[in-house]
Amino acid sequence: MELPTRGRYFSKIVESMSKPKDWKFFATFFAGKMIGVGVAIVAMVFISSLISGTTASAADTYTAHETTIFNAINTIWVLVAAALVFGMQAGFVMLEAGFARKRETVNILVECVLDTAICGVSFYAIGYAFIGNEYYFLQGAPATYGSTGVALLAHWIFQFAFADTASTITSGAMIGRTSFRGDIIYSIFVTALIYPIIGHWAWGPDGFLALMGTPGHFLPSLGQPFRDFAGSTVVHTIGGMVSLAGAIVLGPRIGRKFLRDDKVKGGLPAAHSLPLATIGAFLLWFGWYGFNPGSTLSGMDFIGIGRVAANTTIAACTGSLAALLCALWVGPFKGKFDTGFALNGMLAGLVAITAPCYWVSPLGSAIIGVVAGVIVFGGVYLLEWLRIDDPVGAVPVHGLNGIWGTLSLGLFASGQYGFTGPMGPDNSAPVTGLFYGGGWDVFTAQAIGSGVITVTTFVVALIVMWGVSKLPYPYKLRVEPEGETGPGGLDVFEHGAEAYN
């Protein structure tokens, strides 16, 4: 009986091995291979020890040439991350337009474009100076940003993308009834004043929250600063609180029915394009890989970048699942797999992990995401009960989960990681949260910082929105009633065009 192909192959080997000539050839060949592998292993060990020895001996001092290379790597990394964050604008446009009504689509498109342009000019003029006494219009700015070695203009682009995000978040809660000129006015306040000044408290080198807990500064006995690695508070809570203030001052859209008033026809109007909203949400997730990992400002901290990216991914996944299951099990649409909650749960997880992403473990990220998904579900129905019209869920996603993410650092910081740096991480002073034996100090600092920024932002934004609402037409905050109810809605009233023929 003929052997199978593999059997014939091995039989041939056995037959060849029985011949002395072939056996000697095989032995010589095999020995040569083993010697080659051994030499390769020895070389790898030798080179690795040489490199590690060199690194250890030069851990604190670098030549000018080495420092230049590190700075170049870090600058390139920041620019790549800035491009990813800026790309989130496409995600915001699609998400907001998809969740809105068809008659508001063109208004959202033009609004997001103008928000970006206004942000660029105002942040260039005074925003980046954080209302200090230097760098207005980027004049007199140094070549590099602080001790990071990153080119200052690269850092400006990165921060501009963050400021643009804070402004764009706001527009989502004010869709469908905001006048275009009113939108331009409040956008200037957000990007030139609110975000820079309040953000400086937490991120500025001399910000009072950044220096909190140190001798001679705010609450020195606390011994802990306020931490927000990538902006759960500085970007998202600020954006969410401005959104809440705007939605309250504006009031609901004409004809908007709430579940408290009509259990059959109440609730948010149906999204006009769920495919558009879904693509927008995934684009935002993609951009978050610049938002969070990019906040290291250091391509040399490759371990930190990897950890941050993994934590970001896990929180997005668990947030989406948690919100989807909440909608499936409870609420007016019980038994249905709701697309809107799946998307907003994903975004809620991303927002929540943004502050603690550097200091928590993957397990902590998973739990943070689950809680974020539950919060966004409850937050949507809380606003519905309060009769606050938020068409895209900006307040629960960004405002409430910005607060949760900031507080979660004080609970889930794993006690392994300190802070990033231009040459790599410095873990000599790791941050430890309550659940890892660190006590309440970190949580207390987070609660104080979050509370100060949340309350201040909301009060200031409420004043700004109220002030704009009192301006004469056509500059006041809310569009005229015919702009909402007329043929073609805001799109035709404000822009003379419709999104679809």
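Of the 501 residues in this protein chain, 49% count as buried. What you're looking at is a predicted model, so keep that in mind as we walk through it.

The fold is built from helices: the chain has 15 of them and zero strands. Among contacts with a separation of 6 or more, 76% link residues that sit 24 or more positions apart. On the outside, the chain exposes about 22400 Å², and carbon and sulfur atoms supply 71% of that area.

**The inside**

In soluble globular proteins, nonpolar side chains tend to be buried together. Here the largest nonpolar core has 99 residues, and the ones touching the most other members are Phe 158, Tyr 195, Trp 288, Phe 291 and Trp 359. Take Tyr 195 and set aside its neighbours within four places in sequence: its contacts include Phe 123, Phe 162, Trp 203 and Ile 238. Gln 159 and His 200 are also among the residues Tyr 195 is in contact with. Apart from the largest core lies another one, made of six residues, including Met 241, Ala 247, Ile 388 and Val 395.

**A pocket to look at**

The second largest pocket holds about 610 Å³ of space. It is lined by 26 residues, and Leu 268, Pro 269, Phe 333, Asp 338 and Gly 340 are the closest to its centre. Two helices, α10 (339-353) and α11 (362-385), each give at least two residues to this lining. By type, the lining splits into 16 nonpolar, six polar and four charged residues.

**Backbone oddities**

Most residues other than glycine have a negative phi, and most peptide bonds are trans. A few spots in the loops go the other way, starting with two residues that have a positive phi without being glycine:

| Residue | Phi | Loop | Relative accessible area |
|---|---|---|---|
| Tyr 135 | near 70° | between α4 (105-127) and α5 (152-172) | 22% |
| Leu 297 | about 55° | between α8 (274-291) and α9 (302-329) | 14% |

Which of these is buried, and which is partly exposed? Buried means under 20% relative accessible area. Leu 297, with 14%, is therefore buried, whereas Tyr 135, with 22%, is partly exposed.

The peptide bond to check is the one joining Tyr 473 and Pro 474: this bond is cis, with omega about 10°. To find Pro 474 in the model, go to the loop between α13 (441-469) and α14 (481-485).

How values were computed
Residues are numbered from 1 along each chain as its sequence is written. This is a predicted model: local features need pLDDT of at least 70, side-chain atom pairs count only at pLDDT 80 or more; totals for chains, interfaces and linings use all residues. Side-chain values use heavy atoms; hydrogens and water are left out. Helices (H or I, at least four residues) and strands (E, at least two) are DSSP runs, numbered from the N terminus. Buried means under 20% relative accessible area, exposed over 50%, partly exposed in between (1.4 Å probe, protein chains only). Contact means heavy atoms within 4.5 Å. Accessible areas come from the Shrake-Rupley method with a 1.4 Å probe; for residues, only the protein chains shown count as cover. A nonpolar core is a set of buried Ala, Val, Leu, Ile, Met, Phe, Trp, Tyr and Cys residues joined through side-chain atoms within 4.5 Å. On a 1 Å grid over the protein atoms alone, a cavity is a set of points where a 1.4 Å probe fits but cannot get out, and a pocket is an open set with protein on both sides within 12 Å along at least five of seven lines; lining residues have an atom within 4 Å of a point. Grid points are joined across faces, edges and corners, and a volume is the space filled by probe spheres set on the points. Ala, Val, Leu, Ile, Met, Phe, Trp, Tyr, Cys and Pro count as nonpolar, Asp, Glu, Lys and Arg as charged, and the others, Gly among them, as polar.
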